[in-house]
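Trainee: I would like to look closely at one small part of this model and follow it outwards to its surroundings. Could you take me through it slowly, explaining each term as it comes up?

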Amino acid sequence: MAKDLPKKTRVAIIGGGIVGCSLAYHLTKLGWRDVIVLERKKLTSGTTWHAAGLVRQVLGSMTLTRLAQYSLKLFQELEAETGQATGLKQNGSIGIATNEGRWEEHRRAASMAKYLDVEAHLLGPKEIQDLYPPMNVEDVIGGVYFPQDGQTNPADTAMALAKGARLGGAKIFEDIKVTGILTAKGRATGVRTAQGDVEAEVVVNCAGMWGREVGLMAGVNVPLHACEHFYVVTEPMAEMTPTLPVLRDMDASAYLKEDAGKLLIGAFETNAKPWGMDGIPEDFCFDELPEDMDHFMPILEGAMHRIPALETTGIRTFFNGPESFTPDDRYHLGEAPELRNFYVAAGFNSIGIQSSGGAGKALAEWIVEGAPTMDLSEVDIRRVEPFQGNKKYLELRAAEALGMLYALHWPYLQFESARGIRVSPLHERLKARGACFGEAAGWERPNWFAPAGVEPKYDYSFKRQNWFPYAAEEHRAVREAAALFDQSSFAKFMVQGRDAEAVLQRICANDVAVETGKIVYTQWLNERGGIEADLTVTRLAEDQYFVVTGAAVGPRNLDWLRRNTPEDAHVTVTDVTGGYAVMGIMGPNSRALLSGLTDADLSNEAFPFGTSREIEIGRGFARALRVTYVGELGWELYVPSEFAGGVFDAVADKGAAHGLKMAGMHVLDSCRIEKAYRHWGHDISDEDTPIEAGLSFACRFDKNIAFIGRDALARQKERGVQKRLVQFALDDPEPLLYHNEPIYRDGKVVGYLSSGNYGHALGRAIGLGYVRHPDGVDAEFVNSGKYEIEVAGDRFSAQASLRPLYDPKSERIRA
């Protein structure tokens, strides 16, 4: 280890676990040699040293899987490069299913693996037992086998990365505790330690379960909380041969791996125990937590059922150590929105070893390039809401988050802990009408409405869930009569000042130099032409704009707006999200309904699509925006929160005569996918361009101020694209689509669905996904192919379209 702490460095990494070492390694690979790692005690002494070391390639999403795939590739080469053994053993892994839901989840994972070029095999009970002879398979339906998965020694792998970093020029210091973050003019400028200050161009928080504490030093919100993580190691067992695959019995909340002739049994139990509520002890270093055999006994009993030989085998080691978890079971990566040049890589939710290589590489590229080089939105720290830093919230949520790792990942699965944090002014009225609430960005939002006498509660399944027929009725109301959506969770920003137009003209790809009262649908692009945001901008006055975007991307979009507003611009940006309730009144009867509540002229001539104005409604006022995300005539009513209840009551009372139904977020989604409206985070991201996504109509290349990303788009327009977003409709009305299902064109995999839902008006499942081809994709290529979508191992024929299958000419929204 290095001895003399420098006064200045290019990058200061806080934390010497496997992630901090990986980041240092990858920075040196990119030519940044002036890098230091500061470890408060000893390398790996927090969580890394006691991790189970499981290495698998297919995780819960495309992004997590791509990062894990790279980790495995790196681990395969690391020992030869550094001379440091890693203990990598690719003995494969098996995930078993003991119920139909888990079996479908495994089949869907195997389907996803085909697009990712990961070897995967679906096996029956006998084939599983052939691979894992000690296993009892009497209750096993089937399983998925990944031959290239395996296990590694976490501490040795971290030491190999540390050695590789040192060979590249990085310096690593132990027993150096960071006590503060130096800042100036909104930027991190270094770190404070007991041994002195160190200036740094970039500071990175890789502090693991200390990540929240280090974040607070910088005024940065890093929501994570430690939980106790248990495993036991048996006495030697003759049945435990070195070639046995890692076994995941998720229905029993357990993983099992051979460990030097013994069996290690670990748990991701549903009733986890939070730890460190009063802080982490100052002297914590390779510490273990107290045993709790009563807590672990249900896991052990399940393991004895699965491996009968355990009944006569002793326990050599009972281990309990802390690991950190985040509110959504996704780790935190990227530059913090609160402080420039302060990056985070923390909260790895027990997948830190298998993610460390990919996360370190991705963050190193982000730091060097100044922007992500791939879509990292689901782990981007800019998704974090301010309230999520609350300690009590984190304590409650972390206990559930641990168990969620092995829970069945049903479609629309909701967290149950730490709920009711953010509620709209309409919440109690909607609850009284049978709303079943889901959570997004902490908001309680009606996902569907139960009829009288039915409990508004999910009965999860991969098939048609219990709410499916109720959503069908809501969907029909949108298409045939009228429906009310509570869209109060929209993030809303007011942009004001004499330079507002100029600033937004540069940020927005579309032209916002419009008349007062006009609504502009636009994307915000990065320099590569990738879509950073997908939203509407309404001009309220010469010097005032109203920006509306999705709930889940509010912090990210606000950060993009602020970081692309010049320091000398005469502009203020204000988050007014909580100030307005939003009611979406949608459907062919919406004009007649609202006309009975206002003197405003809502005719097509007086109030055309894409316009906004203040209107009186009932006994209140609202800003009415004639815009839609469901593909029907309708208005979004933005009502000051304190007046929202009265306006809702007036609309609900008048609506009865017009067939008005309450409608939830599931129907908002099923309607938008019929109309092929894109959803940011699924169908479009910062690595997709408007041309690829079929949104170039919203880009004004000829406006007076060049928008960010214009030149990149112009070049792409000239050379053509290698992927296009396409809408698909299954021919068979029975299967359901969600996302990640492979797309086949003429028998070859050419992409995967980015989103899916059931189109009740079209009578079949609808999906959106990119069709890819290295030689280019145009309309002829798309239209000349024969398509199939693979669902849980079975292929179903599908129709492909570059135009919306529902109302392709958009006549209904302009009626």
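How many residues lie between S36 and S37 in their hairpin, and which residue in the turn has a positive phi?

Mentor: There are 4 residues between S36 and S37 in this hairpin, and the one in the turn with a positive phi, of about 75°, is Gly 763. Before we go on, please keep in mind that this is a predicted model, in which local features need pLDDT of at least 70 and side-chain atom pairs count only at pLDDT 80 or more, while totals for chains, interfaces and linings use all residues. Residues are numbered from 1 along each chain as its sequence is written, and side-chain values use heavy atoms, with hydrogens and water left out.

The labels come from DSSP runs numbered from the N terminus, a helix being a run of H or I with at least four residues and a strand a run of E with at least two. Strands S36 and S37 (residues 764-772) run antiparallel and are joined by 6 bridges; two strands are said to pair if DSSP finds at least two bridges between them. Within this pairing, Leu 753 stands opposite Gly 769 in S37.

S36 has another partner, since strand S35 (residues 742-745) also pairs with S36 in the antiparallel sense, over 4 bridges, with Arg 745 standing opposite Lys 748 in S36. S35 and S36 form a hairpin too, with 2 residues between the strands, and there Asp 746 takes a positive phi near 50°.

S36 is also mostly covered, as 10 of its 12 residues are buried, where buried means under 20% relative accessible area, exposed over 50%, and partly exposed in between (1.4 Å probe, protein chains only).

From S36 we can move on to helix H11, because S36 (748-759) is among the elements that the buried residues of H11 pack against, together with strand S22 (443-449), S23, S29, S33 and helix H16 (665-674). Here contact means heavy atoms within 4.5 Å. The buried residues of H11 include Phe 468, Glu 474, His 475 and Arg 479. H11 has 13 residues and reaches 18 Å from its first C-alpha to its last, close to the 18 Å expected at 1.5 Å a residue; the expected span is 1.5 Å times one less than the number of residues.

Three of the strands just named, S23, S29 and S33, belong to an open sheet of 6 strands, which has the order S30-S31-S32-S29-S23-S33 and mixed pairing. Strand S30 (612-617) and strand S33 (660-663) stand at the edges with a single partner strand each, so one side of each has no neighbour in the sheet. From one strand to the next, the twist averages 30°; axes are lines fitted to C-alpha atoms, for helices over the stretch in contact, and angles run from 0 to 180 degrees between N-to-C directions.

At the S33 edge, strand S23 (residues 482-486) pairs with S33 in the parallel sense over 4 bridges, and Leu 484 stands opposite Met 662 in S33. Helix H11 (residues 468-480) packs on this sheet, touching S23, strand S29 (580-586) and S33, and its direction makes about 125° with that of S33.

To return to your starting point, S36 is linked by hairpins to S35 and to S37, while the buried residues of H11 pack against S36 as well as against S23, S29 and S33.
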